[in-house]
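Open the model in your viewer and keep the selection box at hand. We will go from stop to stop, selecting a few residues each time.

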Amino acid sequence: MQLDLLLLNATVRTMDPARPRASSLGVHGGRIVVLDDPGAPAAETVDLGGATVLPGFVDAHCHTTWFGLGLAEVDLSRCASLDELYDALERGMAARPRDEEWLMATGFYPATVGGTLPDIDVLDRLTGSTPLFVRLTSGHAAVVNSEALRRAGILTPGTPDPVGGRVVRDHAGRATGLVEETAQAMVQELFRPYPLTRIVAAIERATARYAAEGITTFAEAGVGGGWIGHNPSELLAYQRARDEGVLHARAQVMPVLDVLHEIGGLGDGSARGLDLGLRTGFGDDELVLGPVKVFVDGSLLGETAAVTEAFCGGHSTGYFQENPEQMAAAIREAYRAGWSVAAHAIGDRAIDFAIDVITGCQDEHGRRRFPNRIEHASITRPDQLPRLAAAGICVTPQIGFLRPMAAQFRRLLGPQRTDWTYRGRSFLDAGVRIAGSSDRPVADGDVLRSVQAWTDRLDGDGVRFGPAAERLDVVEALAAYTSEAARALGMSDRIGSLTVGKQADLVVLERDPVEVHRRGDSVEHIGVRATYRAGRPTHRAG
């Protein structure tokens, strides 16, 4: 047999405990067929000159369409003051195409501009009759102008807030322009659904960036509805991107709970799903339906996460995104119909709820091949660790939040809860699997930067966040974005390690992260030389 591709003279770290190292790797038909056979005949042979080969990186929780759309919107991420933000919006207004009705901006993080919000009067002066939508980096709130509020019918004082959201008003009852959680949807419905062609273009932009960073598989955490969705037929956009050859990474797509509806044919009792009985696992290696995404609570920085004790300096304990009893019933109905569950739960009170509901579903209907998950699992009390492990629930904490957000976390949580926040080692010691993820574009999506962050847990000022004992070693951190993330996606039989028979998804790095870390250097500056999916290059440096 002639190989399609043979990689020689490499440090191959397979992330497979049964065979952790190799020096060459051969591919045929998109799969790994041989290790350590440098003399095998091949149609293409590449001498890597000592470069390191790892399994392709997996981002187990990101927002690809949102990220891709943001790459074409006004970028506020580098604004260090409100004046710079206003200048960026003014330039955006000047450059806005005539056929664009809205001015859209992304990347706004209040802490970078002193923790203050834009003045709605200034925004109105800059934008006039053009409606404005500025999404905060958390995704759990947005800033809009008066024209957007007027069109949404929420400019008038006394307009009621939706369940699970809030239109923030000043002491006189006037809207400030900040809309939180589900209140965002009141404005978003004015410009959604996005055209499918625009979503396909966003997917192309985003996944090209993923490929450049060594990412070969990702999970899109919420499509089709709610404040996170962009089009009721968002899955079709992914299908079109695949058909057009612009889906540059494998995609697992999670529909939000809102889009599931009552279905029949399953016997007695109520079930909630999609038509024809579609459920978690439908699809193939390139595009597959993942768990149903459930928003239990909100965000930590917005103080909308559901916690058991009030945030420091206030009385708020956050809130659930929906009536808990109704939410639990809907989750049970979805699970009965065959859906695994990915529950967004940031506060410890929300984590209690998620564990209770998921455990009850598993007790009644058994565990799924695609594991149940808790997204973020940000503030996890010690007593919750054994419950997570016993239930086999995977967690997806985002270590990338620490550098930009650690100071605010400390301020809101105090010392004890800071020690419980974005845990690492204590998850593993308890037997809880960590799936590496970014929540991009909420935080930086560069995997090697996140690997470094897991090993040092330093904030933007170089101060360690939480106990030093929570750090992971570099191999454990790499596993989070390869073998462990693949398990969380229910795909460990196909990806996640460089094992004979698995898909030839791999990343070629300029240097070996294990050796770089051993010397005390940072792995985040290692260059990505090439990325392959099923043995075909999706990125080559230069």
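Select tyrosine 210. This is a predicted model, and in it tyrosine 210 is buried, with a relative accessible area of 1%. Now add phenylalanine 218. At 0% relative accessibility, phenylalanine 218 is buried as well. The two rings form an edge-to-face aromatic pair. Their centres are 5.3 Å apart, and the planes meet at 70 degrees.

Next, select phenylalanine 401 and tyrosine 422. Why is this pair called edge-to-face? The ring centres lie 5.5 Å apart and the planes stand at 90 degrees; an angle over 60 counts as edge-to-face, so the label applies. Phenylalanine 401 sits in the loop between strand E23 (394-396) and helix H11 (402-419). Tyrosine 422 sits in the loop between H11 and helix H12 (425-430). The pair therefore ties together parts that are 21 residues apart in sequence. Both residues are buried.

Stay on tyrosine 422 and check its backbone. Its phi is near 50 degrees, a positive value in a residue other than glycine. Its relative accessible area is 1%. Alanine 377 also has a positive phi, near 45 degrees. Find alanine 377 in the loop between strand E22 (373-376) and helix H10 (384-391). Alanine 377 is buried too, with a relative accessible area of 1%.

**Rings in a group**

How many aromatic pairs does a search of the whole structure find? It finds eleven. Select Phe67, Tyr210, Phe218 and Tyr238 together: ring pairs link them into a cluster.

Keep phenylalanine 67 and add arginine 440. Arginine 440 lies over the face of the phenylalanine 67 ring, 4.6 Å from the ring centre. Then look along the backbone from arginine 440. A cis peptide bond joins arginine 440 to proline 441, with omega about 10 degrees. Proline 441 belongs to the loop between H12 and H13.

For another charge over a ring, select arginine 135 and tryptophan 66. The charged end of arginine 135 sits over the tryptophan 66 ring, 4.5 Å from its centre.

For another cis bond, go to arginine 192 and proline 193. A cis peptide bond joins them, and omega is about 0 degrees. Proline 193 is in the loop between helix H5 (184-188) and H6.

**Two threonines**

Move on to helix H6 (residues 196-212) and pick threonine 207. Is threonine 207 buried or exposed? At 0% relative accessibility, threonine 207 is buried. Among the residues that threonine 207 touches are Thr64, Phe218 and His248.

Now jump to strand E15 (residues 215-223) and select threonine 217. Threonine 217 is buried, at 1% relative accessibility. Its contacts include Phe57, Arg250, Met491 and Asp505.

**Strands and sheets**

Select strand E20 (residues 292-295). Val292 and Val294 point one way, while Lys293 and Phe295 point the other way. All four are buried. Add strand E21 (residues 341-345): E20 and E21 run parallel and are joined by four bridges. Valine 294 stands opposite alanine 343 in E21. Then show helix H8 (residues 324-336). E20, H8 and E21 make a right-handed β-α-β unit.

Which strands make up the open sheet of six? In order, they are E3-E2-E7-E24-E25-E26, and the pairing is mixed. Strand E3 (21-22) and strand E26 (536-540) stand at the edges. Each has a single partner strand, so one side of each is left without a neighbour in the sheet. Zoom in on E3 and strand E2 (residues 11-13). They pair in the antiparallel sense over two bridges. Arginine 13 stands opposite arginine 21 in E3.

**Last stops**

Select the cysteines. The structure holds zero disulfides. Take cysteine 394: the nearest cysteine sulfur, that of cysteine 361, is 16 Å away. Cysteine 394 is buried, with a relative accessible area of 4%. Cysteine 79 is buried too, at 8%.

Finish at glycine 466, in the loop between helix H13 (447-456) and helix H14 (474-480). Glycine 466 touches Thr418 and Asp419. Add arginine 417, which is 49 residues away along the chain. The C-alpha atoms of glycine 466 and arginine 417 are separated by 9.1 Å.

Notes
Residues numbered from 1 in each chain as written. Predicted model: local features only at pLDDT ≥ 70, side-chain atom pairs only at ≥ 80, totals over all residues. Heavy atoms only, no water. Pairing = 2+ DSSP bridges. Contact = heavy atoms within 4.5 Å. Buried < 20%, exposed > 50% of the residue type's maximum accessible area, 1.4 Å probe, protein only. Disulfide = S-S within 2.5 Å. Phe/Tyr/Trp six-rings, centres within 6.5 Å; stacked < 30°, edge-to-face > 60°. Lys NZ or Arg CZ within 6 Å of the ring centre and 35° of its normal. Right-handed = clockwise from strand over helix to strand, strands pointing away. Lists of a residue's contacts leave out its neighbours within four places in sequence.
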